[in-house]
Amino acid sequence: MGFPETLKRILGVVMSARLRWPDAPITVGVESVAYQRAVAQALRDNAWGRDFNIVELTASKNKRWRAEALGVEIEKGNVLLHGDNGVVDAAQKIVYVECTSFPCSEHDDTVDMLGYGAEMLLTNNYAAPSIG
């Protein structure tokens, strides 16, 4: 995915969240490597970044540990994925597959995303700005 498409997707998710939760603070985490750093800067430099907090995230040195911990928590039912009757929704199947089969899964982007999201939720290192 190219730079413009990345910006469009981030802004689309932010706009969807803003419509669903108009008064909630929104924080967007962007990995602080290579071109992702440029994405964070582009968001900050434009009016888009005024409605949400942008946090640069540093990759953990031990992705395998993080992925295995997430996989265990998903299998134990401590990470809830959308679905009915114990069957994961097709749209979230990639989350389940990547996290429970790492490092044998084809990709690991979802492992990173979920790991960063959990870190942002479980620590107060990424406080969102107040809206208003």
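Trainee: What pattern does the chain follow along its sequence?
Mentor: Read from start to end, this predicted model goes α-β-α-β-α-β-β-α-α. That comes to five helices and four strands.

Trainee: Why are α1 and α2 called oblique to each other?
Mentor: Start with the angle: helix α1 (residues 3-20) packs against helix α2 (residues 34-45) at about 55°, and their axes lie 11 Å apart. Roughly parallel needs an angle under 35 degrees, and roughly perpendicular runs from 65 to 115. An angle of about 55° fits neither label, so the pair is oblique.

Trainee: And which hand does the crossing of α1 and α2 have?
Mentor: That crossing is right-handed.

Trainee: How do you know which residues make the contact of α1 and α2?
Mentor: Look for heavy atoms within 4.5 Å. On α1 the contact is made by Phe3, Thr6, Leu7, Ile10 and Leu11. On α2 it's Tyr35, Ala38, Val39, Ala42 and Leu43.

Trainee: How many residues of that contact are nonpolar, polar or charged?
Mentor: Nine are nonpolar, one is polar and none is charged. Phe, Leu, Ile, Tyr, Ala and Val all count as nonpolar, while Thr6 of α1 belongs with the polar ones.

Trainee: What makes a residue of the chain count as buried, and what share does?
Mentor: Its relative accessible area has to be under 20%. Of the 132 residues, 30% pass that test.

Trainee: What does the chain expose?
Mentor: About 8900 Å², with carbon and sulfur atoms supplying 55% of it.

Methods. Residues are numbered from 1 along each chain as its sequence is written. This is a predicted model: local features need pLDDT of at least 70, side-chain atom pairs count only at pLDDT 80 or more; totals for chains, interfaces and linings use all residues. Side-chain values use heavy atoms; hydrogens and water are left out. Helices (H or I, at least four residues) and strands (E, at least two) are DSSP runs, numbered from the N terminus. Buried means under 20% relative accessible area, exposed over 50%, partly exposed in between (1.4 Å probe, protein chains only). Accessible areas come from the Shrake-Rupley method with a 1.4 Å probe; for residues, only the protein chains shown count as cover. Axes are lines fitted to C-alpha atoms, for helices over the stretch in contact, and angles run from 0 to 180 degrees between N-to-C directions. Angles under 35 degrees count as roughly parallel, over 145 as roughly antiparallel, 65 to 115 as roughly perpendicular and the rest as oblique. A crossing is left-handed if the near helix is turned anticlockwise from the far one by less than a right angle, and right-handed if clockwise.
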